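Here are my notes on this one, as numbered points. Have the model open while you read.

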Amino acid sequence: MSRSFLHLLNELSEQVIGVVRAGRRLLEEDVAFHRLIARLAGNTTVLLVLNSLQAMLRELRSHMLTGDQPALALRQHTAIANAIIDGDATTARRAVLEHLEAVERSIVRGPGASPREVTEP
């Protein structure tokens, strides 16, 4: 892993912590995190999706990342980043899946929904 990636990740983490502490919504910082991870993974498909859906994603995030959601996103992003930095693919994958499930709950049922509420009719 390159030093520049670690530097960008640390810089972004500091920005996110400041946003969360100030009680603001994570918008640009959330997009920046996902872009950074996609670039690290060499995943041009995710980068294309992020770029083409940027306006819609910004609108979605402005409604979803409220209340305790920015702090939750920060914890989840930190877990993902730490696993990547540690070279632990299994933990990184698990952290990403947990993050995606939380995002799904927020979209389908609103912030704070339990996994059962999403999967059961």
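1. A cut-off before anything else: a residue is called buried when its relative accessible area is under 20%, exposed when that value is over 50%, and partly exposed in between. Take L36 as the test case: its relative accessibility is 6%, so L36 counts as buried. Bear in mind throughout that this is a predicted model.

2. The overall picture. How many helices and strands does the protein chain have? The chain has seven helices and zero strands, and read from the N terminus the order is α-α-α-α-α-α-α. Of the 121 residues, 32% are buried. The accessible surface comes to about 7700 Å², and carbon and sulfur atoms hold 56% of that. Looking at contacts with a separation of 6 or more, 58% are between residues 24 or more positions apart.

3. Confidence, since you'll ask. The mean pLDDT of the chain is 77, and 77% of the residues score at least 70. Which helix has the lowest confidence, and which the highest? The lowest is α7 (residues 115-119), with a mean of 42, while α6 is highest at 87. Over residues 112-121 the pLDDT stays under 50, and the model has nine contacts beyond four places in sequence for that stretch. Where pLDDT is low, the predicted coordinates should not be read in detail. I'd treat the C-terminal stretch of residues 112-121 in that light, given a pLDDT under 50.

4. The core. The largest nonpolar core has 17 residues, and those touching the most other members are F5, L9, F33 and I84. At least two residues of this core come from each of α1 (3-21), α2 (28-41), α5 (69-86) and α6. The biggest contributor is α5, with six residues.

5. Around F5. Which residues does F5 contact once neighbours within four places in sequence are set aside? They are L36, I37, L40 and I84. I37 sits in helix α2 and, on the same terms, touches F5 and I84. Is I37 buried or exposed? I37 is buried, because its relative accessible area is 18%, against a cut-off of under 20%. One longer-range pair to check on screen: I37 and H77 are 40 residues apart along the chain, and their C-alpha atoms are separated by 9.9 Å.

6. Back to L36. This residue is also in helix α2. Leaving out residues up to four places away in sequence, L36 touches F5, L8, L9 and L12. For L8, the C-alpha to C-alpha separation from L36 is 8.1 Å, with the two positions 28 residues apart along the chain.

7. Two polar residues that come out as buried. E29, in helix α2, has 16% relative accessibility and therefore counts as buried. Beyond its neighbours within four places in sequence, E29 is in contact with L12, Q15, V16 and V19. Q76 belongs to helix α5 and is buried too, because its relative accessibility is 14%. Which residues does Q76 contact, again leaving aside neighbours within four places in sequence? The partners are E98, H99 and A102.

8. The loop between α1 and α2. L27 lies there. With a relative accessible area of 25%, L27 is partly exposed, so the under-20% cut-off for buried is not met. L27 and P70 are 43 residues apart in sequence, and their C-alpha atoms are 9.5 Å apart in space.

9. Nonpolar surface. Which residues make the nonpolar surface patch of about 230 Å²? V96, L97 and L100 do. L97 is placed in helix α6 (residues 89-108), and its relative accessible area of 36% is why L97 is classed as partly exposed. Helix α6 also has the highest confidence in the chain, at 87, and supplies at least two residues of the 17-residue core from point 4.

Definitions and conventions. Residues are numbered from 1 along each chain as its sequence is written. This is a predicted model: local features need pLDDT of at least 70, side-chain atom pairs count only at pLDDT 80 or more; totals for chains, interfaces and linings use all residues. Side-chain values use heavy atoms; hydrogens and water are left out. Helices (H or I, at least four residues) and strands (E, at least two) are DSSP runs, numbered from the N terminus. Buried means under 20% relative accessible area, exposed over 50%, partly exposed in between (1.4 Å probe, protein chains only). Contact means heavy atoms within 4.5 Å. Accessible areas come from the Shrake-Rupley method with a 1.4 Å probe; for residues, only the protein chains shown count as cover. Patches are made of residues with over 30% relative accessible area and no salt bridge: like charges are joined within 9 Å, nonpolar side chains (Val, Leu, Ile, Met, Phe, Trp, Tyr) within 5 Å. A salt bridge is a side-chain nitrogen of Lys or Arg within 4 Å of a carboxyl oxygen of Asp or Glu. pLDDT is the predictor's confidence in each residue, from 0 to 100. A nonpolar core is a set of buried Ala, Val, Leu, Ile, Met, Phe, Trp, Tyr and Cys residues joined through side-chain atoms within 4.5 Å.
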